[in-house]
Amino acid sequence: MVEFLSKSAKETIVLGEKLAKKLSGGTVVAFYGGLGMGKTTLISGIAKGMGLTCNVSSPTFAIVNVYGEHNELCHFDMYRVESWDDLYSTGFFDYIDMGAVLCVEWSENVENALPENTVRIYMEKGDSDNDRIIKIDGVKDENSFC
């Protein structure tokens, strides 16, 4: 596991850009952290690092937002997913099979459905209001982020 301290949304986006270079199609990235921790901001950076020029927004009510001309990035919000039926209705497994990168907010709600090789990102508040401690587990060559 590698740990970062982000002091701004801009730094979080840059970290996402770097992380994107380590992700390949079919990768599931599970996000853990409360409201306002910067999960969607980090996913914006991942999209940018993948070369996508889209406006990333939280899919709270839609459950999934799909980005890219070829659905390269799928952004899930599993906050309201409470059962296997709910999960299947999102198309979650279909998106994995088609080779998209899946970013999953509130992944603790679907923990039992996450693939074994899931990248896990833990986000929490740091000392100041803008500080975020970001821990990333499951990325190959973790030490090459710098």
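Student: Which residue does S6 stand opposite in strand 7?

Tutor: Start with how strands are assigned: helices (H or I, at least four residues) and strands (E, at least two) are DSSP runs, numbered from the N terminus. Two strands pair if DSSP finds at least two bridges between them. Here, S6 stands opposite R132 in strand 7. Strand 1 (residues 2-6) and strand 7 (residues 132-137) run antiparallel, and 5 bridges join them.

Student: Before we go on, what kind of model is this?

Tutor: This is a predicted model, in which local features need pLDDT of at least 70 and side-chain atom pairs count only at pLDDT 80 or more, while totals for chains, interfaces and linings use all residues. Residues are numbered from 1 along each chain as its sequence is written, and side-chain values use heavy atoms, with hydrogens and water left out.

Student: Back to strand 1, then: which of its side chains are buried?

Tutor: Buried means under 20% relative accessible area, exposed means over 50%, and partly exposed is in between (1.4 Å probe, protein chains only). The side chains of strand 1 alternate: V2, F4 and S6 are buried and point to one face, whereas E3 and L5 point to the other and are not buried.

Student: In what order do the strands sit in the sheet?

Tutor: The 7 strands make an open sheet with mixed pairing, in the order 1-7-6-2-5-4-3. Strand 1 and strand 3 (64-67) are its edges, each pairing on one side only. Strand 3 runs antiparallel to strand 4, with 4 bridges between them. One of the residues to look at is V66, whose bridge partner in strand 4 is C74.

Student: That brings me to the cysteines. How many disulfides does the structure hold?

Tutor: A disulfide is a pair of cysteine sulfur atoms within 2.5 Å, and the structure holds 0 of them. C74 is in no disulfide, and its nearest cysteine sulfur, that of C103, is 9.1 Å away. For C54, the closest cysteine sulfur is also in C103, but at 11 Å it is too far for a bond.

Student: Are C54 and C74 buried or exposed?

Tutor: C74 counts as buried because its relative accessibility is 0%. C54 has a relative accessible area of 29%, so it is partly exposed.

Student: How many residues does the largest nonpolar core have?

Tutor: A nonpolar core is a set of buried Ala, Val, Leu, Ile, Met, Phe, Trp, Tyr and Cys residues joined through side-chain atoms within 4.5 Å. The largest one has 25 residues, and those with the most contacts inside it are V29, F31, I46, L73, C103, I121 and I136. Helix 2 (39-49) is among the elements that supply at least two residues each, and its 4 residues are the largest share.

Student: Which residues is L73 in contact with?

Tutor: Contact means heavy atoms within 4.5 Å. Leaving aside neighbours within four places in sequence, the contacts of L73 include I43, I46 and A47, along with V101 and C103.

Student: And helix 2 itself: how many of its residues are buried?

Tutor: Helix 2 is mostly covered, with 8 of its 11 residues buried. Among them are L42, I43, I46 and A47. The cover includes helix 1, strand 2, strand 4 (73-77), strand 5, strand 6 and strand 7. S44, also in helix 2, counts as partly exposed because its relative accessibility is 21%. Just after helix 2 comes G51, with a positive phi near 85 degrees.

Student: Which residue other than glycine has a positive phi near 55 degrees?

Tutor: W106 does. W106 sits in the loop between strand 5 and strand 6, and its relative accessible area is 14%, so it is buried. N71 is not a glycine either, and its phi is positive at about 55 degrees. N71 lies in the loop between strand 3 and strand 4 and is partly exposed because its relative accessibility is 32%.

Student: One last loop. Where is T90 found?

Tutor: T90 is in the loop between helix 3 (84-89) and helix 4 (92-97), and with a relative accessible area of 9% it is buried. For its polar contacts, the rule is a pair of N or O atoms within 3.5 Å; within protein, one must be able to donate a hydrogen and the other to accept it, and residues adjacent in sequence count only if both atoms are side-chain atoms. A polar atom of the T90 side chain lies 2.6 Å from the backbone oxygen of L87. The T90 side chain also reaches the backbone nitrogen of F92, at 3.2 Å.
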